[in-house]
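The report below describes a protein–DNA model, beginning with the contacts to one DNA strand and ending with the overall fold.

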Amino acid sequence: MISEFSISPQKFKGSLNLSLTINSGQTSQPPWKKGNFYFQELIMIDDAPCLVKIRHDDADPEGDLEIIAESPENMTEKTIETSIREIFDLDHDLNRFYQFLGDDPKLAPTIDFCQGMRLFKAHDPFECIISSISSANCSIIRWTRSIEDIKRKWGDGYRFSSGDFYTFPSAEVLSNVPEHDLEEMQRAEDNLPDDFVFERNLQACGVGYRAKYIIKAASIVQSEINLQKLSKMKYEKAVDTILELPGVGPKVADCILLYGFGMGEAFPVDVWIKRIIEDLYFPGEELKPQTVREFGMERYGKWAGYVQLYLFHYARKSGLLESLRKK
DNA sequence: CAACAGGCGCTAG
DNA sequence: CTAGCGCCTGTT
C-alpha cells in the first residue's frame with residue numbers, strides 16, 4: 001500500500017521548520033534520513049511497519065507538509081496523519097508559545113533563532129529511553145550512531161525502494177544482547193576463524209560503560225515497567241518510576257518524559273542549560289542543577305520543555321554558548 | 001602526547 | 001545529605 005497526501009499549514013497552529021526540528025539533536029531518536037527531498041523513517045503504526053517520507057519547504061509558511069507512506073499492510077491516511085501530528089508535535093500551538101516567550105524579555109530573543117522548531121517526539125518510547133541513556137555524558141553524533149548501530153544489528157529489517165530500514169529492537173531482545181566482546185566470545189560457537197571480529201555486542205556500538213545500564217534497563221522495562229501506564233501517570237510519579245532505571249538520573253529522566261511521553265512540564269537540565277539559566281537570570285551566581293530544574297519548572301510551567309529546547313538552540317546560534325564555554 | 005568534556009553511579013565524609 | 005571520583009569516547 002502506498003498513500004500520498006498532504007497536511008495544509010492551516011491544519012496546525014503556527015509555523016513549522018521541519019529540518020530544524022529533525023536535526024536539533026533531541027534525544028527521542030536519531031534524525032530521519034534525507035533522500036530525494038524527503039526525510040524518511042520506518043515507524044510502527046498499529047503494530048504494522050510503515051515507511052514515512054515527509055517533506056516541507058521551510059521557507060514557505062503557506063506550503064503543505066507533503067507525505068508519502070509505504071506499508072505492506074493497509075492503513076488509512078487518518079491513522080498515518082495522527083502519528084505524524086504526534087511525532088512533529090503539530091497540535092502544539094506555536095503562536096501561543098511565542099506570545100509566552102515574548103512576555104519574558106530573557107526569552108523573547110529566542111524566537112527569531114528558533115522559528116518553526118517543534119518537539120521531535122519519539123515514535124517508539126522504548127527507543128527514546130535507550131537513546132536518552134546513551135546520550136548521557138556523550139556527544140550527539142556519538143549516541144546517534146550508537147542507536148543506528150543497535151537498530152541495524154538487532155531490529156527487524158524491511159526493504160523499500162529507497163533503502164533498507166530497521167525497527168528499534170524490543171526490550172526483550174535488547175535485554176538478551178551480549179554486553180562486550182568477551183561475553184560475545186563466550187556465547188559463540190568454538191569453530192570461529194582466528195581473525196573473527198566480534199561486533200554483535202552492545203559495547204561494539206560505541207556506548208562504552210553505558211552498555212550494562214542499557215541491558216539492565218531493557219530487562220527492567222520488559223519485566224517491571226508498563227510503558228502504557230507510564231504515559232498516563234502524572235509527571236511526578238512518572239519521574240520516580242523512570243528514575244529506577246540504571247543510567248537514568250534527573251536529566252535523562254526529564255528527556256525521556258519530555259520526548260518519549262510528551263510531558264511538556266519536564267525541564268531537562270544539562271550543564272549548558274545550567275550555564276544559560278545562570279547567565280540570564282542569576283549572573284555571577286552558581287546554582288545546583290536541581291535548583292535550576294525547580295526554577296525552570298516553576299517559571300515556565302507547561303512550556304518548560306519547549307523553553308529548554310529554544311534556550312539551547314538560541315544559545316548555540318547566537319554565540320552565547322561559545323561565551324559560556326569554560327567559565 | 002596529555003588534558004578535558006559530558007551525566008550518572010558509587011563511595012566517603 | 002553532599003562532594004568528588006571514575007566510567008568511555010571524542011575533541012582540543
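## Surface near DNA strand B

In this predicted model, a polar backbone atom of Val252 lies 2.9 Å from a phosphate oxygen of DNA strand B. A second backbone contact involves Val271, where a polar atom is 3.3 Å from a phosphate oxygen of DNA strand B. The elements α12 (250–260) and α13 (271–281) are those that give two or more residues to the surface near this strand. The side chain of Tyr209 addresses a base instead: one of its N or O atoms is 2.9 Å from a base nitrogen of DNA strand B. A polar contact here is a pair of N or O atoms within 3.5 Å; within protein, one atom must be able to donate a hydrogen and the other to accept it, and residues adjacent in sequence count only if both atoms are side-chain atoms.

DNA strand B is surrounded by 16 residues, the closest being Asn137, Gly247, Asp270, Val271 and Trp272. A residue is near a strand if one of its heavy atoms lies within 4 Å of it. By class, the residues of this surface comprise ten nonpolar, three polar and three charged. In this division Ala, Val, Leu, Ile, Met, Phe, Trp, Tyr, Cys and Pro count as nonpolar, Asp, Glu, Lys and Arg as charged, and the others, Gly among them, as polar. Of the DNA strand B atoms within 4 Å of the protein, 61% belong to sugar or phosphate, and the rest to bases.

## Surface near DNA strand C

Around DNA strand C stand Asn137, Arg142, Arg145, Gln203, Gly206, Gly208 and Tyr209. They divide into one nonpolar, four polar and two charged residues. Sugar or phosphate accounts for 84% of the DNA strand C atoms within 4 Å of the protein, and bases for the rest.

Two arginines approach the phosphates: a polar side-chain atom of Arg142 is 2.4 Å from a phosphate oxygen of DNA strand C, and an N or O atom in the side chain of Arg145 is 3.2 Å from a phosphate oxygen of that strand. In addition, a side-chain N or O atom of Tyr209 lies 3.5 Å from a base oxygen of DNA strand C.

## Five-stranded sheet

Five strands form an open sheet in the order β1-β5-β4-β3-β2, paired antiparallel. Because β1 (2–7) and β2 (33–35) are at the edges with a single partner strand each, one side of each has no neighbour in the sheet. On average, neighbouring strands are turned by 30° against each other, direction ignored. Two strands pair if DSSP finds at least two bridges between them.

Strands β3 (residues 38–45) and β4 (residues 48–55) run antiparallel and are joined by seven bridges; Phe39 stands opposite Ile54 in β4. Helix α2 (residues 77–87) lies across β1, β3, β4 and β5 (65–70), at about 50° to β1. Contact means heavy atoms within 4.5 Å. Axes are lines fitted to C-alpha atoms, for helices over the stretch in contact, and angles run from 0 to 180 degrees between N-to-C directions.

## Hairpin of β6 and β7

Strand β6 (residues 157–160) pairs antiparallel with strand β7 (residues 163–166) over four bridges. The two form a hairpin with two residues between them. Arg159 has Asp164 in β7 as its bridge partner, while Phe160 is bridged to Gly163.

## Overall fold

Chain A contains 16 helices and seven strands. Its radius of gyration is 21 Å, close to the 20 Å that the globule rule gives for 327 residues, so chain A is as compact as a globular protein of that length. The radius is taken over C-alpha atoms, and the rule is 2.2 Å times the number of residues to the power 0.38. The C-alpha trace spans about 70 × 50 × 35 Å along its principal axes. Helices (H or I, at least four residues) and strands (E, at least two) are DSSP runs, numbered from the N terminus.

## Conventions

Residues are numbered from 1 along each chain as its sequence is written, and chains are lettered from A and ligands numbered from 1 in the order in which they are written. Local features need pLDDT of at least 70 and side-chain atom pairs count only at pLDDT 80 or more, whereas totals for chains, interfaces and linings use all residues; side-chain values use heavy atoms, with hydrogens and water left out.
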